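User: Please take a close look at one part of this model, the metal site. Then connect it to the rest in short sentences.

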Amino acid sequence: MKLTIQRGAKEIGGSCVELQSGTSKILIDFGLPLVDENKERFNSEIVKTIPKTELIKNGVLPDITGLYKDENPAYDGILLSHSHQDHYGLLSFVSPQVPVYLSEGCKELLDVSYFFGQTTFAPTNTVTLEKWKPCRVGAFTVTPYLVDHSAFDALAFLIEAEGKRVFYSGDFRGHGRKSVLFQKMLRDPPKNVTCLILEGSMLGRSKGLYQSEQEVEDKLVELLTNQERLYFMACSSQNIDRLVSIYKACKRSNRVFVIDPYTAYILDKLKGISANIPQYNWGKNIRVFFVPNTYTERMADNKKLFKFKSAKITYEQMKELRKKLVVKDTDLTRKIFSRKKDLVNTTLIYSLWSGYLPEIRFLWDSDNVPIVEVHCSGHIYTENMQEFAKAIAPEFTVPIHTFFPERYSEFLRSEVRVVGDRETVDI
Ligand SMILES: [Zn+2]
Ligand SMILES: [Zn+2]
């Protein structure tokens with residue numbers, strides 16, 4: 001079996017891993033870069049305007065044949081680990097004849113992003129994977145493992161061929177709402193793994209103030225209890241763990257979580273996959289504010305909005321109840337409050353990666369709204385990487401999704417092989 005990291009060996013984002021056995025080839029993830037060659041934030045708009053050949057020349061698209069739309073497919077499939085753009089964001093260039101293997105939750109979230117115009121493409125040639133059930137893709141046997149990550153229904157993969165086993169961790173962690181999955185994997189790891197491809201996003205990053213989803217929830221309760229203020233909440237509508245933490249914190253502090261129809265729609269879409277996901281009709285701690293925006297209009301056109309009306313809260317009601325609310329931030333909601341001068345005695349809770357905060361801080365500064373950061377990482381901490389690698393005990397580990405691959409050998413006992421992008425390793 002041959003392993004080639006097409007992209008992502010020495011950076012966070014743009015992950016694309018190739019495995020070959022005989023003439024059979026598969027890819028794992030086909031992501032959009034997060035940084036450019038100067039390590040500045042990648043301008044994702046360029047993939048919409050620059051032609052494919054140019055993107056290959058610039059190194060944005062991997063230089064491989066038999067994958068893209070105008071080519072005869074040479075790949076048996078693409079496995080998607082999860083619904084973050086840095087793992088699937090370049091799929092629009094791929095021939096529709098190459099099937100995409102993904103989890104049910106990942107499929108729903110890709111469809112939602114496309115429906116709301118956040119992405120320009122969602123794959124239609126898809127195969128939904130059943131967790132922990134081996135399936136055949138070309139010459140490979142693939143077993144998907146559900147993992148704890150900030151993307152819902154994220155997968156790791158055990159991939160077997162020629163009597164060898166590769167384990168691809170994808171993005172994962174041991175401190176989210178599904179940390180039991182991490183503990184379970186430590187207790188009962190896949191055996192006889194030849195090569196572990198292990199993410200290392202947290203190398204070189206600090207853990208931050210709050211180190212688990214539970215700590216985030218507890219800090220939110222502390223903030224929200226007995227404070228005579230309105231809280232805005234900047235968080236991702238697709239980070240389901242975080243929405244659960246916020247909803248639980250609202251219940252514990254007797255507040256109402258006011259979401260937008262887009263968020264209500266996502267939660268509703270995922271309810272069949274997990275019964276723990278808060279829903280618009282769960283009663284007094286959750287309401288929907290119909291801020292007029294393109295999402296709402298799109299949903300109204302499709303008559304997908306109607307059922308959320310039963311949980312509707314008006315602007316006037318929000319004004320009255322302001323000290324009892326946590327309002328999910330959207331650009332338009334903030335603008336309405338700002339225009340009506342209703343942002344006095346308000347705090348923004350910033351519950352996203354701090355790297356993006358400087359881009360929006362000025363919006364709140366102009367209304368003198370203080371910002372409190374309450375967040376924890378979607379990625380595995382170094383000590384958990386250590387435990388994980390020890391449990392899997394592979395013959396060797398290949399770093400991925402990190403800016404510091406050479407640092408793995410400082411804390412992993414087993415052999416580490418740092419490979420560069422487009423370098424092929426025999427397994
Ligand atoms: Zn990632
Ligand atoms: Zn991710």
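Analyst: Donors here are N, O and S atoms within 2.8 Å of the metal (3.2 Å for Na, K and Ca); water is not among the atoms, so sites may look incomplete. With that in mind, the zinc ion (ligand 1) and the zinc ion (ligand 2) are 3.5 Å apart, and Asp 171 coordinates both.

The model is predicted: local features need pLDDT of at least 70, side-chain atom pairs count only at pLDDT 80 or more, and totals for chains, interfaces and linings use all residues. Residues are numbered from 1 along each chain as its sequence is written, chains are lettered from A and ligands numbered from 1 in the order in which they are written, and side-chain values use heavy atoms, with hydrogens and water left out.

Take the zinc ion (ligand 1) to begin with. Its donors are Asp 86 (OD), His 87 (NE2), Asp 171 (OD) and His 401 (NE2), at 2.1 to 2.2 Å. Along the chain they follow the spacing D-H-x83-D-x229-H. The angles at this ion run from 85 to 166°, which makes the arrangement of the four donor atoms irregular. Irregular is what remains after the regular cases: four donors are tetrahedral if all angles lie between 85 and 135 degrees; four are square planar and six octahedral if opposite donors are over 155 degrees apart and all others between 65 and 115. Asp 86 and His 87 are both buried. Buried means under 20% relative accessible area, exposed over 50%, and partly exposed in between (1.4 Å probe, protein chains only).

Now the zinc ion (ligand 2). His 82 (NE2), His 84 (ND1), His 149 (NE2) and Asp 171 (OD) coordinate this ion at 2.2 to 2.4 Å. The spacing of these donors is H-x1-H-x64-H-x21-D. The four donor atoms subtend angles of 90 to 162°, so this arrangement is irregular too. Two of the donors, His 84 and Asp 171, link distant parts of the chain, 87 residues apart. His 84 sits in the loop between strand 4 (77-79) and helix 3 (85-88). Asp 171 sits in the loop between strand 10 (164-168) and helix 5 (179-187). Helices (H or I, at least four residues) and strands (E, at least two) are DSSP runs, numbered from the N terminus. Their accessibility is worth noting. Asp 171, the bridge between the ions, is buried at a relative accessible area of 2%. His 84 is partly exposed, at 24%.

From the site, follow the chain to helix 5, which borders the loop of Asp 171. Helix 5 packs with helix 13 (residues 382-392) at an angle of about 40°, with their axes 8 Å apart. Axes are lines fitted to C-alpha atoms, for helices over the stretch in contact, and angles run from 0 to 180 degrees between N-to-C directions. Phe 182, Met 185 and Leu 186 of helix 5 make the contact (heavy atoms within 4.5 Å) with Asn 384, Glu 387, Phe 388 and Ala 391 of helix 13. These residues divide into five nonpolar, one polar and one charged. Nonpolar are Ala, Val, Leu, Ile, Met, Phe, Trp, Tyr, Cys and Pro, charged are Asp, Glu, Lys and Arg, and polar are the others, Gly among them.

A second helix pair can be set beside it. Helix 8 (residues 261-269) and helix 9 (residues 294-301) pack at about 55°, with their axes 9 Å apart. They are therefore oblique to each other. Oblique covers what is left when angles under 35 degrees count as roughly parallel, over 145 as roughly antiparallel and 65 to 115 as roughly perpendicular. Pro 261, Tyr 262 and Tyr 265 in helix 8 meet Tyr 295, Thr 296 and Met 299 in helix 9. Here the division is five nonpolar, one polar and no charged.

Helix 8 is largely enclosed by the rest of the structure, because eight of its nine residues are buried. Among them are Ile 266, Leu 267 and Asp 268. The cover includes helix 4 (104-115), helix 7 (240-252) and helix 9. Strand 13 (256-259), strand 14 (286-288) and strand 15 (325-328) are also part of that cover.

Two loop residues close the tour. Asp 29 has a positive phi, near 65°, without being glycine. Asp 29 lies in the loop between strand 3 (24-28) and helix 1 (46-49), and is buried at 0%. Asn 368, also not a glycine, has a positive phi of about 55°. Asn 368 lies in the loop between helix 12 (357-365) and strand 17 (371-373), and is exposed at 68%.
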